[in-house]
Amino acid sequence: MDGTVDGFRYGWVTPVAAYVMACLGGALGLRCIVRSLLDGQSWRPGWLALGAASIGCGIWTMHFIAMIGFQVEETRIGYDAGLTLLSLLVAVVVVGIGVFIVGYRGAGVAALCLAGTVTGLGVAAMHYLGMAAMHLDGSIRYDPFTVALSVLIAVVAATAALWAAVSIRGFVTSLGASLVMGVAVSGMHYTGMAAVSVHVHGVSPSWVGDAPTSLLLPMLIGPVIFLLLAAVVVMFDPLLVLGEGDWNRTARAGRAAVPEEDRTAGRPVPRRSWSDR
């Protein structure tokens, strides 16, 4: 028989919490990518990797917080720990591929299309891999059209996010872009969940694997802590706090305050007299 699917078991608590985590991951990732582009002397691979990990963790955390609110009334749900962790790895790796493409090739049409497509397909793969980790006493079916729509949303959202990462410099505009990115990622998730229908095998609740809360909540702790640590790194970086314009003005003021001297030897530069000119 067909199961009764409910994606909002706890009301708006899980959708709002999931959206916040998607926005947090997006905001941190965008600022890290901007940081790698603003300062040519910074270690670009490190900042790009931190940005990719932040976005990937944000998307993954969003998905599984939302899944805490998912239930089928006729059967209980469990999750496979190995597939759940694999979906996190997929999210970080594929986002990293897209981030590194635009980080080194810029916002050209070809680079953006390639990076956005790879990242979007990876996000969709993370979503459906996470769904494959779910065990219940029944079979899960998907509506092909709605699945295709969710993948399209993922690709468009990823392309827009990567464009924003390499095109937007200001803090406020980056924050706005992360809010839009959160809407897109959440929209992709719930569009994918709208494609789900469940055919239940039995009529009595069965138990397979661990409870959603007993497995997912401990696994969410690690990515959440990582995002908080990444937020600390971003907040204490002066270039990201001041913004590009204020950073340049501060740097120029600092250089003007330093006496003219030989910075390699620490000795004043000899001034030429009028007779030497």
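The secondary structure of this protein comes to 8 helices and 8 strands, and the description that follows rests on a predicted model. Of the 277 residues in the protein, buried residues make up 47%. Among the contacts with a separation of 6 or more, 85% are accounted for by residues 24 or more positions apart.

**Helix 1 against helix 6**

- Helix 1, covering residues 13-38, and helix 6, covering residues 171-194, have axes that come within 8 Å and cross at roughly 135°; that angle makes helix 1 oblique to helix 6, because it lies outside the ranges that count as roughly parallel, roughly antiparallel or roughly perpendicular.
- Helix 1 passes helix 6 in a right-handed crossing.
- On the helix 1 side, the residues that meet helix 6 are Thr 14, Pro 15, Tyr 19, Ala 22, Cys 23, Gly 26, Ala 27, Leu 30, Arg 31 and Val 34, and their counterparts in helix 6 are Phe 171, Ser 174, Ala 177, Ser 178, Leu 179, Met 181, Gly 182, Val 183, Val 185, Ser 186 and Tyr 190.
- By residue class, the contact of helix 1 with helix 6 divides into 14 nonpolar, 6 polar and 1 charged.

**Helix 2 against helix 6**

- Helix 2, which spans residues 44-68, packs with helix 6 at an angle of about 45°, and the two axes are 11 Å apart; helix 2 is therefore oblique to helix 6.
- The crossing of helix 2 and helix 6 is right-handed.
- Ile 55, Ile 59, Met 62, His 63, Ala 66 and Met 67 are the helix 2 residues in this contact, where they meet Met 181, Val 185, Ser 186, His 189, Tyr 190 and Met 193 of helix 6.
- The residues of the contact of helix 2 with helix 6 comprise 9 nonpolar, 3 polar and no charged.
- Met 181, Val 185, Ser 186 and Tyr 190 of helix 6 are among the residues that meet helix 1, and these residues also meet helix 2.

**Helix 4 against helix 5**

- The axes of helix 4, made up of residues 109-132, and helix 5, made up of residues 144-167, come within 7 Å and cross at roughly 130°, which means that helix 4 is oblique to helix 5.
- Helix 4 passes helix 5 in a right-handed crossing.
- Helix 4 contributes Leu 112, Ala 115, Gly 116, Thr 117, Thr 119, Gly 120, Leu 121, Ala 124 and Tyr 128 to the contact, while helix 5 contributes Val 147, Ser 150, Val 151, Ala 154, Val 155, Ala 158, Thr 159, Leu 162 and Trp 163.
- The contact of helix 4 with helix 5 divides into 12 nonpolar residues, 6 polar residues and no charged residues.

**Strands 5 and 6**

- Strand 5, residues 138-142, runs antiparallel to strand 6, and 5 bridges join the two.
- Within this pairing, Tyr 142 stands opposite Val 196 in strand 6.
- Side chains alternate along strand 6, residues 196-200: Val 196, Val 198 and Val 200 point to one face and are buried, whereas Ser 197 and His 199 point to the other and are not.

**Individual residues and their long-range neighbours**

- Arg 31 lies in helix 1 and counts as buried because its relative accessible area of 4% falls under the 20% limit; Arg 31 is also one of the helix 1 residues that meet helix 6.
- Arg 31 and Ala 165 are 134 residues apart in sequence, yet their C-alpha atoms are 7.5 Å apart in space.
- Val 234 is found in helix 7, residues 212-235, and counts as buried at 10% relative accessibility; the C-alpha atoms of Val 234 and Arg 31 are separated by 7.4 Å, although the two are 203 residues apart along the chain.
- Cys 57 has its place in helix 2 and is buried, with a relative accessible area of 8%.
- Leaving aside residues up to four places away in sequence, Cys 57 touches Leu 88, Val 92, Pro 223, Phe 226 and Leu 227, and the C-alpha atoms of Cys 57 and Leu 220, 163 residues apart along the chain, are separated by 9.4 Å.
- Gly 170 is found in the loop between helix 5 and helix 6 and, at 34% relative accessibility, counts as partly exposed.
- Gly 170 and Val 34 are 136 residues apart in sequence and 9.1 Å apart in space, taken from C-alpha to C-alpha, and Val 34 is itself among the helix 1 residues that meet helix 6.

How values were computed
Residues numbered from 1 in each chain as written. Predicted model: local features only at pLDDT ≥ 70, side-chain atom pairs only at ≥ 80, totals over all residues. Heavy atoms only, no water. Axes fitted to C-alpha atoms, helices over the stretch in contact; angles between N-to-C directions. Helix = DSSP H or I, 4+ residues; strand = E, 2+ residues; numbered from the N terminus. Parallel < 35°, antiparallel > 145°, perpendicular 65-115°, else oblique. Left-handed = near helix turned anticlockwise from the far one by under 90°. Contact = heavy atoms within 4.5 Å. Nonpolar A, V, L, I, M, F, W, Y, C, P; charged D, E, K, R; others polar. Buried < 20%, exposed > 50% of the residue type's maximum accessible area, 1.4 Å probe, protein only. Pairing = 2+ DSSP bridges.
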